[in-house]
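Hi,

Here is the structure I promised to pass on to you. Have a look at it first, and then read my notes below.

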Amino acid sequence: KNVYVLFGTGDLAALDFDGKPVWIRSLAQEYGPFSNRWGMAASPVLHGDRLYMVNDNEDQSYLLALDKRTGAEVWRVPRDEASNWSTPLIWQNDRRTEIVTPGSGKVRSYDLDGKLLWSLQGMSSITIATPYEDNGLLYLSSGYVMDPLRPIYAIRPGADGDISLTSSETAN
């Protein structure tokens with residue numbers, strides 16, 4: 001029924017198909033300015049009755065769940081992240097539904113209530129790529145031209161806790 005948009009100003013809005021605002025929230029005003037030098041790039045993600053938004057920046061990073069009809073906050077989870085531009089993925093796998101959120105150096109996955117399910121360290125210092133799913137596996141990648149670390153990972157459903165590889169591992 002609506003189009004959900006995030007503007008570079010930090011305004012998150014639901015618009016009807018005629019372009020009229022249904023609701024508008026100023027995330028910058030509510031949670032502080034977006035302090036990264038290139039601005040916002042992650043998109044809001046719609047799933048069921050909720051709209052999910054990641055705001056990773058230099059001051060106050062978080063994952064936010066809003067009611068899609070009203071824009072009211074359902075929950076907010078603080079994140080220990082620096083600036084990041086990757087749009088989250090809602091991964092509906094054969095075990096559960098997860099919100100996969102790549103970040104600078106680490107990927108985290110949450111359940112639909114904001115509880116941390118698993119994390120994976122070993123991403124490059126800047127993450128822009130959005131995760132994707134194919135044939136039941138989750139694929140994660142990151143790469144920054146100035147960073148020698150440019151990994152690609154395939155994750156099976158059902159991960160729990162810290163699934164980071166040790167320096168001697170190529171799989172676990």
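Let me start in the middle of the action, with two strands that sit side by side. Keep in mind that this is a predicted model. Strand 9 and strand 10 (residues 106-110) run antiparallel and are paired over four bridges. If you want one pair to look for, find T101: its bridge partner in strand 10 is R108. The two strands make a hairpin with three residues between them, and in that turn G105 has a positive phi of about 95°.

Now go to the other neighbour. Strand 8 (residues 89-92) also pairs with strand 9 in the antiparallel sense, again over four bridges. Here I90 stands opposite I99 in strand 9. This is a hairpin too, with four residues between strand 8 and strand 9.

So is strand 9 mostly buried or exposed? Five of the six residues of strand 9 (residues 97-102) are buried, so the rest of the structure largely encloses this strand. As a reminder, "buried" here means under 20% relative accessible area.

Next, the inside. In soluble globular proteins, nonpolar side chains tend to be buried together. The largest nonpolar core in this model has 14 residues, and those touching the most other members are V100, W118, L120, L138, L140 and I155. Strand 8, strand 11 (116-121), strand 13 (137-141) and strand 14 (152-155) each give two or more residues to this core. Strand 11 has the largest share, with three residues.

I155 is a nice one to click on. Which residues does I155 contact once its neighbours within four places in sequence are left aside? They are W91, W118, L120, L137, L138, L140 and I163. Another core lies apart from this one; it has 12 residues, including L12, W23, A42 and L51.

There is also a small story about a sheet. Three strands form an open sheet in the order 12-13-14, with antiparallel pairing. Strand 12 (132-134) and strand 14 are at the edges with a single partner strand each, so each has one side without a neighbour in the sheet. From one strand to the next, the twist averages 30°. Strand 13 and strand 14 are joined by four bridges and run antiparallel, and Y139 stands opposite A154 in strand 14.

While you are there, check N135, which is in the loop between strand 12 and strand 13. Its phi is near 50°, a positive value in a residue other than glycine. N135 is exposed, with a relative accessible area of 73%.

Finally, zoom out to the whole chain. How many helices and strands are there in the protein chain? There are one helix and 15 strands. The radius of gyration is 16 Å, close to the 16 Å that the globule rule gives for 172 residues, so the chain is as compact as a globular protein of that length. Along the principal axes, the C-alpha atoms fill a box of roughly 55 × 35 × 25 Å. Buried residues make up 47% of the 172 residues. The accessible surface comes to about 9000 Å², and 49% of that belongs to carbon and sulfur atoms. Among contacts between residues at least 6 apart in sequence, 41% join residues at least 24 apart.

Cheers

Key: Residues numbered from 1 in each chain as written. Predicted model: local features only at pLDDT ≥ 70, side-chain atom pairs only at ≥ 80, totals over all residues. Heavy atoms only, no water. Buried < 20%, exposed > 50% of the residue type's maximum accessible area, 1.4 Å probe, protein only. Pairing = 2+ DSSP bridges. Core = buried A, V, L, I, M, F, W, Y, C linked by side-chain atoms within 4.5 Å. Contact = heavy atoms within 4.5 Å. Axes fitted to C-alpha atoms, helices over the stretch in contact; angles between N-to-C directions. Rg over C-alpha atoms; globule rule 2.2 N^0.38 Å. Areas by Shrake-Rupley, 256 points an atom, 1.4 Å probe, with all protein chains shown as cover.
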